[in-house]
Amino acid sequence: MSKRFRGRGCAGGVCEAEAIVALEPFGFWQGIDPASGEIINRRHPLLGANLAGKAFVFTFGRGSTGNPGIFLEAVRNGVAPAAMINVRAEPMITLCSILAEEFYGLRIPVIDRLEAAFYETVKSGDRLRVDGATGEVEIL
């Protein structure tokens, strides 16, 4: 039985992907190896996990304007997340998705402000359907 949640769509796109969850801030700059998709930030609880093709659930983006550059390199290498779901999306995270579409024609949905029950329920390994235009996430 699936569960549906509604939030705010920040960047369009639709995908179905496995969730990877760490309800902590994340920065792509010095946080991910853009050649492999592996998390390299030694202070992050997902150190060593791979974001390639996953629906990445985290609180909000951390860092600077360097995030979109590293993210785009991961997109170019085919190892970027398939979707990003935040508690609160900040502009640099949304910009990552906008630039991925502009440069590579790849739509990576970004959603935030889902009901609290979503963040309490979702766990790594869950299969998610994410619609960035409607702001809907379904745990399948």
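These are my notebook entries on one predicted protein model.

**Entry 1. The chain as a whole**

I began with the secondary structure of the protein chain. I counted three helices and eight strands. Reading from the N terminus, I wrote down the order of elements as β-β-β-β-α-β-α-β-α-β-β. I then looked up the radius of gyration, which is 13 Å and close to the 14 Å that the globule rule gives for 140 residues, so the chain is as compact as a globular protein of that length. The C-alpha trace spans about 35 × 30 × 20 Å along its principal axes.

I next asked how much of the chain is buried. Of the 140 residues, 49% are buried. The exposed surface of the chain comes to about 6700 Å², and carbon and sulfur atoms supply 51% of it. I also looked up the contacts between residues with a separation of 6 or more, and 74% of these join residues 24 or more positions apart.

For the charges, I recorded 15 positive and 16 negative side chains. The centres of these two sets lie 2 Å apart.

**Entry 2. The cysteines**

How many disulfides does the structure hold? I found zero. Cys10 is in no disulfide, and the nearest cysteine sulfur, that of Cys96, is 12 Å away. Why is there no bond at Cys96? The closest cysteine sulfur, in Cys10, is 12 Å from the sulfur of Cys96, which is too far for a bond, because a disulfide requires two cysteine sulfur atoms within 2.5 Å. I also noted the surroundings of each residue. Cys10 is partly exposed, with a relative accessible area of 21%, whereas Cys96 is buried, at 0%.

**Entry 3. Helix 1 and what follows it**

I turned to helix 1, which covers residues 66-76. This helix is mostly covered, as eight of its 11 residues are buried. I listed the buried residues as Gly66, Asn67, Pro68, Ile70, Phe71, Leu72, Ala74 and Val75. Which elements help to cover them? Strand 5 and helix 2 are among those that do. After helix 1 comes Gly78, and its phi is positive, near 75°.

**Entry 4. Asn86 in strand 5**

I located Asn86 in strand 5, which runs over residues 83-86. Is Asn86 buried or exposed? Asn86 is buried, with a relative accessible area of 0%. Beyond its neighbours within four places in sequence, Asn86 has contacts that include Phe58, Thr59 and Phe60. Its other partners include Ile93, Tyr119 and the run of Val110, Ile111, Asp112 and Arg113. I also noted Leu114, which is 28 residues from Asn86 in sequence, while their C-alpha atoms are 8.2 Å apart in space.

**Entry 5. Thr94 in helix 2**

Thr94 belongs to helix 2, residues 91-104. Its relative accessibility is 13%, and Thr94 therefore counts as buried, since the cut-off for buried is under 20%. Leaving aside neighbours within four places in sequence, I found Thr94 in contact with Cys10, Ala11, Ala89 and Val110. Val110 also appears in my list for Asn86, and Cys10 is the partly exposed cysteine of Entry 2.

**Entry 6. Val137 in strand 8**

I found Val137 in strand 8, residues 136-139. Val137 is buried, with a relative accessible area of 1%. Which residues does Val137 touch, apart from neighbours within four places in sequence? Its contacts include Lys3, Arg4 and Phe5. Ile85, Ile111, Leu114 and Phe118 are also among them, as are Leu128, Arg129 and Val130. I looked up one of these pairs further: Val137 and Ile111 are 26 residues apart along the chain, and their C-alpha atoms are separated by 8.4 Å.

**Entry 7. Positive phi angles outside glycine**

Last, I looked for residues other than glycine with a positive phi. Gln30 has a phi of about 65° and is not a glycine. I placed Gln30 in the loop between strand 3 (14-21) and strand 4 (55-58). At 59% relative accessibility, Gln30 counts as exposed. Arg113 is likewise not a glycine, and its positive phi is near 55°. Where does Arg113 lie? Arg113 is in the loop between strand 6 (110-112) and helix 3 (116-121). I had already recorded Arg113 as a contact of Asn86.

Technical notes
Residues are numbered from 1 along each chain as its sequence is written. This is a predicted model: local features need pLDDT of at least 70, side-chain atom pairs count only at pLDDT 80 or more; totals for chains, interfaces and linings use all residues. Side-chain values use heavy atoms; hydrogens and water are left out. Buried means under 20% relative accessible area, exposed over 50%, partly exposed in between (1.4 Å probe, protein chains only). Helices (H or I, at least four residues) and strands (E, at least two) are DSSP runs, numbered from the N terminus. The radius of gyration is taken over C-alpha atoms; the globule rule is 2.2 Å times the number of residues to the power 0.38. Contact means heavy atoms within 4.5 Å. Accessible areas come from the Shrake-Rupley method with a 1.4 Å probe; for residues, only the protein chains shown count as cover. Lys and Arg count as positive and Asp and Glu as negative; His and the chain ends are not counted. The place of a charge is taken as NZ of Lys, CZ of Arg, CG of Asp or CD of Glu.
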